[in-house]
Amino acid sequence: MNHGKPIYVTQPVLPPLEQFLPYLEKIWASKILTNAGPFHEQFEDALCRYLGVEQVSLFTNCTIGLITALQALNIQGEVITTPYSFVATAHALLWNRLTPKFVDIDPQTLNIDPRQIEAAITPSTTAILAVHCYGHPCDVHAIERIARKHGLRVIYDAAHAFGVELAGRSVLEHGDLSILSFHATKVFNTFEGGAIVSPDAGMKRHLDHLKNFGFVDEVTVVTAGINGKMSEFNAALGLLQLQGVDAAIERRRQIDHRYREGLRGIDGIDCVGPSGESRPNHAYFPILVRPHFPRARDALYQSLLDNGVIARRYFYPLISSFGMYSQMASAQPENLPQATQVASQVICLPIYPALEDDQVDRVIELIAMAGQSR
Ligand SMILES: *Cc1c(COP(=O)(O)O)cnc(C)c1O
């Protein structure tokens, strides 16, 4: 039944190789490979312009960015976060010896539910680490209100949110810091990479020291920094990749639309939509397989696999179910009923710019057929 090549959940966007060669020639000629070289500086400026933000610090990846962001804000004690994300979100807390406090998600947005946050606040709580899951913005205003009322910091894991706007402005302007990922699987990639968006130049300077061992100048080390620097290779690629990102997001939008139209009539399949943002990036195409669909989620997932469609169950299992978290009181499924249910129903369908219309139609057809059979 498997016709042709497998269709993966994503496929990285790359520029034509010949367009990258002149960048490599410059690096070879200059012998500047890293440490805030010319491509690093140009890429930071270009990102600020593209994203519409004031300050960007490039990082080697998002996970080191998250760990460094928590250091930069000197976060202590307990941090309220979501179980419904990639495991790096909570791991960044453990690497800082912080205690994650998991709270449930909103069943519509699949983001942390602001109504659950206040009940989880204790005298040890210092911050909220939220995720714009699938690039769909959190309820940033509600989170901001709670944070202000209780004197908490807000950090957004914005790994999915490249280019996302809310009411005409970058969603990355919200919170104390937002952290992007440029990993191969994301909407915008530099092979590996990441960045922290900060509101002011002082914080950016602090982050730039932290990512470079704490060096301020040749002989001065002001903080116990790490090596989180982005190399010239990745920065040069990022600079070139920016030229194609609008076209890539536009193609993702068309695929999103085709899926929505094609899946509309299938009883028991719900498409997860962004709510209220003016510019989504269509990073993922999650569907929820409801209990009245004739096949269970895992059966549908398997039948897609059997037909060469390698969809993924992001985010199953929940972070809170992994051994390093599962004993915590807040990690218990009774505390997280919505997240537990969504994790058992979700499938992310293939979406990437090179995916063709007939491949999208085949995925829709496979789901439709599964919906007719027992
Ligand atoms: C991909 C991802 C990360 C990790 O990004 P890296 O750049 O690979 O370190 C963190 N959080 C979320 C939500 C992600 O999807």
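This passage walks through the overall build of the protein chain, the place where the ligand sits, and a few spots of unusual backbone geometry.

The model is a predicted one. Starting with the fold as a whole, the protein chain works out at 12 helices and 16 strands. Its C-alpha trace stretches over about 70 × 55 × 40 Å when laid along the principal axes. How does that fit with the chain's length? For 374 residues, a compact globule would be expected to have a radius of gyration near 21 Å, and the protein chain comes out at 21 Å, so the two agree.

Next comes the ligand. The ligand is found in the largest pocket. Around the ligand there are 14 residues, and the ones that come nearest are Thr63, Asp157, His160, Ser181 and Lys186. As for character, this shell is made up of 8 polar, 4 nonpolar and 2 charged residues. Two helices take part with at least two shell residues each, namely α3, covering 62-72, and α4, covering 88-94.

Three of the nearest residues can be looked at atom by atom. In the case of Asp157, an N or O atom of the side chain lies 2.7 Å from a nitrogen atom of the ligand. His160 also brings in its side chain, with an N or O atom 2.7 Å from an oxygen atom of the ligand. For Lys186, the distance between a side-chain N or O atom and an oxygen atom of the ligand is 3.2 Å. On its own the ligand would have 380 Å² of accessible area, and the protein covers 92% of that.

Away from the ligand, the backbone has some details worth pointing out. Which stretch holds Phe315 and Pro317? Phe315 belongs to the loop that runs between β15 (309-310) and α11 (337-345), and Pro317 is placed in the loop between β15 and α11 as well. The peptide bond leading from Tyr314 into Phe315 is cis, its omega being near 10°. A cis peptide bond also links Tyr316 to Pro317, this time with omega near -5°.

One further backbone detail concerns Asn74. This residue sits in the loop that connects α3 with β3 (78-81). Its phi is near 55°, which is a positive value in a residue that is not glycine. The helix before this loop, α3, has already come up, as it supplies at least two residues of the shell around the ligand.

How values were computed: Residues numbered from 1 in each chain as written. Predicted model: local features only at pLDDT ≥ 70, side-chain atom pairs only at ≥ 80, totals over all residues. Heavy atoms only, no water. Near = heavy atom within 4 Å. Polar contact = N/O pair within 3.5 Å; in protein donor to acceptor, adjacent residues only side chain to side chain. Areas by Shrake-Rupley, 256 points an atom, 1.4 Å probe, with all protein chains shown as cover. 1 Å grid on protein atoms, 1.4 Å probe; cavity = no way out; pocket = protein on both sides within 12 Å on 5 of 7 lines; lining within 4 Å. Sits in = over half its atoms within 2 Å of the grid points. Helix = DSSP H or I, 4+ residues; strand = E, 2+ residues; numbered from the N terminus. Nonpolar A, V, L, I, M, F, W, Y, C, P; charged D, E, K, R; others polar. Rg over C-alpha atoms; globule rule 2.2 N^0.38 Å.
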